[in-house]
Amino acid sequence: MLSLGRLLSRDSSLSFSLDGLQQGLEKAERRVAEISQQIAQTRTRALAIRARSRRMFAAADSASLISQRTAMRLRAAEVEAQAIPIEATVPTLTDTLTEAENALAQARANSQADSFDPGTSVYLASPQYQNGYVFPVGGGPSRVSVGHTHHDYPAADIAAPAGTPVYALADGVVLSAWRTIDPLCGIGMRFRTDDGQTWAYCHFSYIEPSVVSGARLTAGARVGLVGSTGHATGPHLHLGLIPSSSGYPQNEPWFQSFAGIAFRWQDAPTPTPSIDSPGLRSQMVFSIVGDTASTGSAVASAWTASSSTAPLATAAANINGIPGLDSPFAAPPADSGSAVVASRNRSPATTDQSATNSIGG
Ligand SMILES: [Zn+2]
């Protein structure tokens, strides 16, 4: 069975160069994710301390005795002072983030120069397009996995290594975006696609500066990097419809069309994409590295024509919605995603699932 990895290895210099680019890109993404998440956590901690101190000052003001008031104000000031050394680390971290962002932009420019063919998308984690939709997490089925269910209400916990790019899943408008850590959703956004559906994206480590309320995004626009901010125990993108009573994203036809192409199922066999799939066709075009005529059919046979879809879990009847309008996330319990990512599997056509991602909760 031929796979992208094997095809690439026919031309060892190309393989070597792509592998280097891939590693450089992933390293740069991880770095931005790490620093960005650290800044967000630092800011969130400082904000929480300042909020606590404000509540203490307010309580002091309403104390009846002057002596009591003085003592309370003193304690409030002590708490406020705790925020200062924490905030003092932010400028340095921000400079480090700027450097990391520049390095990432450079790594992306390098990889684009060498992978102009759109099909390199699996290898270099670029977005993959099918009928106007883009799977929201890059990296391909060796790095990205998802279950059919969620721990309580309908949503998808899409596991991928920290730093994996996150994309707008279709054309649409950002309804809101937040850069401080929501206790549940972490860093994320609400996004309305042109079909009228509203989506919650949660747990980013990094959010693109362009992602602001009212921003118009096209399918595949970068919106951030996978992380574990908010209520998450491991790196993943929480993707949910708002309200969650709209059902599981996993049940959407576009989502399922990416099975085996952009992600693998955690809880069911992942179907090998059908030869008829338009997305696959574009990948096949890409996968033909070097000699077009002979490898075309080889790649075609690598993706055995099986269009069977994995059995879908039906939406749980008990739905805890996300009704909050002001809070991005109202009160879903633990969103515990834990992703243990082992080695990277370069060949999307193999069934080797050496990378073990699991989402708990
Ligand atoms: Zn979730």
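Glu26 has 19 C-beta neighbours inside 10 Å and therefore counts as partly exposed, since a buried residue needs 20 or more. Glu26 belongs to helix 2, which spans residues 12-61. In this predicted model, the C-alpha atoms of Glu26 and Gly163 lie 7.3 Å apart, although 137 residues separate the two in sequence.

**Overall content and confidence**

The protein chain contains 8 helices and 12 strands. Of its 361 residues, 42% are buried. Among contacts with a separation of 6 or more, 71% join residues 24 or more positions apart.

The mean pLDDT of the protein chain is 76, and 67% of the residues reach 70 or more. Two stretches fall under 50. Over residues 275-334 the pLDDT stays under 50, and the model has 117 contacts beyond four places in sequence for this stretch. Residues 336-361 also have pLDDT below 50, with 80 contacts beyond near neighbours in sequence. Where pLDDT is low, the predicted coordinates should not be read in detail.

**Strand 11 and its partners**

Strand 11 covers residues 236-242, and 7 of its 7 residues are buried, so the strand is largely enclosed by the rest of the structure. His236, His238, Gly240 and Ile242 point one way from strand 11, while Leu237, Leu239 and Leu241 point the other way. Both sets are buried.

Strand 11 pairs with strand 4 (residues 156-159) in the antiparallel sense over 4 bridges. It also pairs with strand 8 (residues 198-207), again antiparallel, over 5 bridges. Strand 4 is in turn joined to strand 3 (residues 145-146) by 2 bridges, and these two strands run antiparallel.

Strand 4 shows an alternation of its own: Ala156 and Ile158 point one way, and Asp157 and Ala159 the other. These four residues are buried too. Ala159 stands opposite a residue in each of two strands: Ser145 in strand 3 and His236 in strand 11.

The table gives opposed residues from these pairings.

| Residue | Opposite residue | Strands (residues) |
|---|---|---|
| Asp157 | His238 | strand 4 (156-159) and strand 11 (236-242) |
| Ala159 | His236 | strand 4 (156-159) and strand 11 (236-242) |
| Ala200 | Gly240 | strand 8 (198-207) and strand 11 (236-242) |
| Ser145 | Ala159 | strand 3 (145-146) and strand 4 (156-159) |

**The nonpolar core**

The largest nonpolar core has 61 residues, of which Ile158, Val166, Ala168, Tyr201 and Val223 touch the most other members. Helix 2 supplies the largest share of this core, 8 residues. Domain 1 (11-111) and domain 2 (118-302) both contribute residues, so the core lies between them.

Ile158 points the same way from strand 4 as Ala156. Val166, another of the core residues that touch the most other members, has contacts with Pro136, Val137, Tyr201, Phe204, Val223, Gly224, Leu225, Val226 and Leu237, leaving aside its neighbours within four places in sequence. Tyr201 and Val223 in that list are themselves among the core residues with the most contacts to other members. Leu237, also in contact with Val166, is a buried residue of strand 11 and points the same way as Leu239 and Leu241.

Methods: Residues are numbered from 1 along each chain as its sequence is written. This is a predicted model: local features need pLDDT of at least 70, side-chain atom pairs count only at pLDDT 80 or more; totals for chains, interfaces and linings use all residues. A residue is buried if 20 or more other C-beta atoms lie within 10 Å of its own, exposed if 12 or fewer, and partly exposed in between; C-beta atoms are placed from the backbone. Two strands pair if DSSP finds at least two bridges between them. A nonpolar core is a set of buried Ala, Val, Leu, Ile, Met, Phe, Trp, Tyr and Cys residues joined through C-beta atoms within 7 Å. Domain bounds come from an automatic or database domain assignment. Two residues are in contact if their C-beta atoms, placed from the backbone, lie within 7 Å. pLDDT is the predictor's confidence in each residue, from 0 to 100.
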